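Take a moment with the sequence and the model before reading on. The paragraphs below walk through the fold one part at a time.

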Amino acid sequence: MSTKLDRITEMAKTQPQVRFTSLAHMLTPEFLAETWKLMNRRGAPGVDGETSQEFAENLAARCEQLVGKLRDRSYRPPPVRRVEIPKGDGKTRPLGIPTVEDRLLQRSVARVLEAIYETDFLPCSYGFRPKRSPHDALRDLRNQLMAGGVTSVFETDIRGFFNHLNHQWLMKMLRLRIGDSVILRLIGKWLKAGVFVDGIVVRSDEGSPQGGPISPLLANIYLHYALDLWFTKVAARQCKGAVYLVRFADDFIAGFQHPNEARRFSGAVKERLGKFNLELAENKTRLMRFGRLPFLKGQKLDSFDFLGFQHVGGQDRRGRFAVYRLPTRKSCSKFLDKVKQELERKRHARGYEQQGMLTRMMVGFYRYFGVRSSLRRLNLLRQHVMRAWRTTIRQKGQRSKDAWYKLNQKPWFKLPHPVVYVP
């Protein structure tokens, strides 16, 4: 199977204008079973209530049955189950959970399409791509800011992108590279499958539910044509100085050498995305002074947030310009709120159990935010977690009014200190 995908990738790379008209034959029972091993099998069940464990009990037969439905065109994707995920400030993010069978088929189709589109996607795109992480995007951004001739940074993200993704535009984009009617029909069915909300199936002519394995790939394809190619072939060529783009899903940063070009881009990008039924989130859109050149001129620099980090300009020990990354206060507040919720849930657990739970949470936070410049803020966050833990212990009962010096003598009242995980 990997050899066949490699051949598709090689063809897509050497023939960037070719349309692939025969891809559905890749969706064999063996390919689906291979894909099953690559999936996260701990996900929640969909509208049918079937779990991953139940599906795997008869995996070979289920894969055969699923391929049979594809061949006789009887496959009908069920609607996704919607759950609301808290995102801070009292707001929630809708998450769509397909059935286990549907997840397997979506991931299988996504593997085939990735073999094609990974050769098309530009280096500025980082979100939800194999062998590309948020830290790769952050590293590229930092290098551009420190070494490039940037003086202005345009920060924004797209308002409700997954809810406003236009189906007609997406299918037009897909047909530029995909000519297989089976694959195109499947994607069309997934887009129109609808969402199961309070016992009612809600369908829409726009949007792609977050949560399905194929949704991130479709989002990248949409923004590849709507933003990335336009920026590279049109917007960047109209600029005289240095210019670059770093995009992670619907969140992107653009840097410019000349402030007037940055201002022109801020209007042009709104017009460009408007053609594709997208608009920028005004409360998250800013044009600011940032970079090595304004620092050398002694100008005051702004700071901006990207992928959970606050980017601050300053100088290193040798007096040179440096970009420092700190966990945003919003990221720290959300994490601390989650810690307090877990402590409340495990209020009556033993000390060692609470320690194990908090240690796992802290290490997970450190692994993402553990850069050298963030250690001071991470240490401060650790102190807040320790105080929240002590408060929970003292609320157990009248006899649990332990002072700090008593708790510090307990062998379990310890949490890991932050270390540098990301070089």
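**A walk through the model**

Val-153 stands opposite Met-288 in strand E8. That pair is a good place to enter this predicted model. Val-153 belongs to strand E3, which covers residues 152-157. Strand E8 covers residues 286-289. Four bridges join E3 to E8, and the two run antiparallel.

E3 has another partner. Strand E7, residues 251-256, is joined to E3 by six bridges. This pairing is antiparallel as well. Here Thr-156 stands opposite Phe-252 of E7.

How many of the residues of E3 are buried? Six of six are, so the strand is mostly covered, where buried means under 20% relative accessible area. The side chains can be sorted by direction. Ser-152, Phe-154 and Thr-156 point one way from E3. Val-153, Glu-155 and Asp-157 point the other way. Both sets are buried.

Now step back to the whole protein. It has 423 residues, and 48% of them count as buried. There are 16 helices and eleven strands. The C-alpha atoms fill a box of roughly 70 × 60 × 40 Å along the principal axes. Take the contacts with a separation of 6 or more. Residues 24 or more positions apart account for 70% of these.

Return to E7 and follow the chain onward. Gln-257 is found in the loop between E7 and helix H11, which spans 259-274. Is Gln-257 buried or partly exposed? Its relative accessible area is 27%, and buried would need under 20% while exposed would need over 50%, so Gln-257 is partly exposed. Leave aside its neighbours within four places in sequence. Gln-257 is then in contact with Gly-149, Val-150, Thr-151, Gly-241 and Ala-242. Asn-166 is 91 residues away from Gln-257 along the chain. Their C-alpha atoms are separated by 33 Å.

A second loop residue offers another view. Leu-176 sits in the loop between helix H8 (167-175) and helix H9. Its relative accessible area is 48%, a value between 20% and 50%, so Leu-176 is partly exposed. Phe-20 is 156 residues from Leu-176 along the chain, yet the C-alpha atoms of the two are separated by 9.3 Å. Beyond its neighbours within four places in sequence, Leu-176 is in contact with Val-18, Arg-19 and Tyr-225.

Tyr-225 leads to helix H10, since H10 takes in residues 215-235. This helix is not straight: it has a kink of about 50 degrees, centred on His-224. How many of its 21 residues are buried? The count is 16, and H10 is mostly covered.

H10 also helps to enclose empty space. The structure holds three cavities of 30 Å³ or more. The largest cavity has about 130 Å³ of space. Its lining has 17 residues, and the closest to the centre are Gln-106, Trp-190, Ser-208, Pro-209 and Ser-215. Which helices supply at least two lining residues each? They are helix H5 (100-117), helix H9 (181-192) and H10. By class, the lining of the largest cavity has nine nonpolar residues, seven polar and one charged.

H9 contributes to the second largest cavity too. About 80 Å³ of space lies there. The lining is made up of Lys-69, Leu-70, Arg-73, Tyr-75, Val-182, Arg-185, Leu-186 and Lys-189. Helix H4 (59-71) and H9 each supply at least two of these residues. H9 gives the most, with four. What is the make-up of this lining by class? Four residues are nonpolar, four are charged and none is polar.

The last stop is helix H15, residues 375-394, where Thr-392 lies. Its relative accessible area is 8%, under the 20% limit, so Thr-392 counts as buried. Which residues does Thr-392 contact, leaving aside its neighbours within four places in sequence? The contacts are Leu-343, Arg-347 and Gln-354.

How values were computed: Residues are numbered from 1 along each chain as its sequence is written. Side-chain values use heavy atoms; hydrogens and water are left out. The bend at a residue is the angle between axes fitted to the seven residues ending there and the seven starting there. Buried means under 20% relative accessible area, exposed over 50%, partly exposed in between (1.4 Å probe, protein chains only). On a 1 Å grid over the protein atoms alone, a cavity is a set of points where a 1.4 Å probe fits but cannot get out, and a pocket is an open set with protein on both sides within 12 Å along at least five of seven lines; lining residues have an atom within 4 Å of a point. Grid points are joined across faces, edges and corners, and a volume is the space filled by probe spheres set on the points. Ala, Val, Leu, Ile, Met, Phe, Trp, Tyr, Cys and Pro count as nonpolar, Asp, Glu, Lys and Arg as charged, and the others, Gly among them, as polar. Contact means heavy atoms within 4.5 Å. Two strands pair if DSSP finds at least two bridges between them.
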